[in-house]
Amino acid sequence: MRPDCVGCDVGIGFRRPGSDNGAMRTVTPRQASSYDSLMQRLEARYFPDTRAWVCGRAGGDTLEIAVGTGLNLGHYAPDVRLTAVDVNEDVLGFARTRMRTLNRRFVIERADAAALPYTDGSFDAVVCTFALCEVPDDVAAIREALRVLRPGGSLLLADHIVSTNGLIRFGQRLLEAVTIPLGGEHFTRRPSRHLDTEPVTVEACERFAHGAIERVHARKLDIDRAAA
Ligand SMILES: C[S@@+](CC[C@H](N)C(=O)[O-])C[C@H]1O[C@@H](n2cnc3c(N)ncnc32)[C@H](O)[C@@H]1O
């Protein structure tokens, strides 16, 4: 969710206006802090406890994709070994500062969600929150997340999605007419749809706020074990 795409003049646009290839733009400290405070207000109102819900289900070697300024970092259990990536080097600086404030040691590095630099089955959990609305190819990002996940591992997602309310859906389509060309922000995606054709089982899925927010815990199937 890009704040400048939800009616707030904070101008943190992570994607360069007019970019259709995911090109990123500079993010200043003021923009990062505006993003954080807007997100915290939206969270309190529309999706309270969602970061805790998602991060609390992660364990062991965990990868967070599109970490942004690191709003999830304080929600991981002390024994989680986290690697966090984002395609925008600027926002990684803010995530590293947050990590130091929290007195945690995570690996935070630049990577594209659609081409992760990790071998198959490297992680016990993969987390992605409020970012599949913005990555240029959400299907490729989900496939990559599942590729680097160990069989039996957890895919944990939360995002704003297409609403179940017709009026809100109409508004989301209008908004997208501006936000997609401006910064690649989508309001009518629903990443969990793509899980239907992937080797996963959905353990928990909750949709609320007029169906416009969804959080999902899916588990990657152990196909070899199932076949044996
Ligand atoms: C709205 S922010 C969400 C940040 C954070 N996940 C959160 O929950 O607050 C979206 C993030 O996705 C990142 N992003 C966009 N496209 C990406 C890609 N292809 N690979 C990795 N990160 C990407 C942006 O740089 C930005 O930090």
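Author: Two residues are said to be in contact if their C-beta atoms, placed from the backbone, lie within 7 Å of each other. The model discussed here is a predicted one.

Reader: Where should one begin in reading the fold; how many helices and strands are there in the chain?

Author: One begins with the order of the elements. The chain contains six helices and seven strands, and along the sequence they follow the pattern α-α-β-β-α-β-β-α-β-α-β-β-α.

Reader: What share of the contacts between residues at least 6 apart in sequence joins residues at least 24 apart?

Author: That share is 64%.

Reader: How is the interior to be read, and which residues have the most contacts inside the largest nonpolar core?

Author: In soluble globular proteins, nonpolar side chains tend to be buried together. In this chain of 228 residues, 43% are buried. The largest nonpolar core has 50 residues, and those with the most contacts inside it are Ile65, Ala95, Val126, Cys128, Ala145 and Leu155. Ala95 may serve as an example: beyond its neighbours within four places in sequence, it is in contact with Val67, Thr69, Gly70, Leu73, Ala84 and Ile108.

Reader: Which residues of helix 3 are buried?

Author: Ala95 is one of them, together with Val91, Leu92, Phe94, Arg98 and Met99. These residues lie on the same side of helix 3, because they cover an arc of only 160 degrees around the axis. On the other side of helix 3, Glu89, Arg100 and Thr101 are exposed.

Reader: What do the buried residues of helix 3 pack against?

Author: They pack against helix 1, strand 2 (81–86) and strand 3 (107–110). As for its length, helix 3 has 13 residues and reaches 19 Å from its first C-alpha to its last, close to the 18 Å expected at 1.5 Å a residue. After helix 3 comes Asn103, whose phi is positive, near 60 degrees.

Reader: Why does the span of helix 1 agree with its number of residues?

Author: The check rests on a rise of 1.5 Å a residue: the 18 residues of helix 1 (residues 29–46) should therefore span 26 Å, and the end C-alpha atoms are 25 Å apart, which agrees.

Reader: Which residues of helix 1 are buried, and which are exposed on the other side?

Author: Gln31, Ala32, Tyr35 and Met39 are the buried residues of helix 1. They cover an arc of only 95 degrees around the axis, so they fall on the same side of helix 1. Exposed on the other side are Pro29, Arg30, Ser37, Gln40, Arg41, Ala44 and Arg45. The cover over the buried residues of helix 1 includes helix 3 (89–101).

Key:
Residues numbered from 1 in each chain as written. Predicted model: local features only at pLDDT ≥ 70, side-chain atom pairs only at ≥ 80, totals over all residues. Helix = DSSP H or I, 4+ residues; strand = E, 2+ residues; numbered from the N terminus. Buried ≥ 20, exposed ≤ 12 C-beta atoms within 10 Å, placed from the backbone. Core = buried A, V, L, I, M, F, W, Y, C linked by C-beta atoms within 7 Å. Expected span 1.5 Å × (residues − 1). Arc of directions from axis to C-beta.
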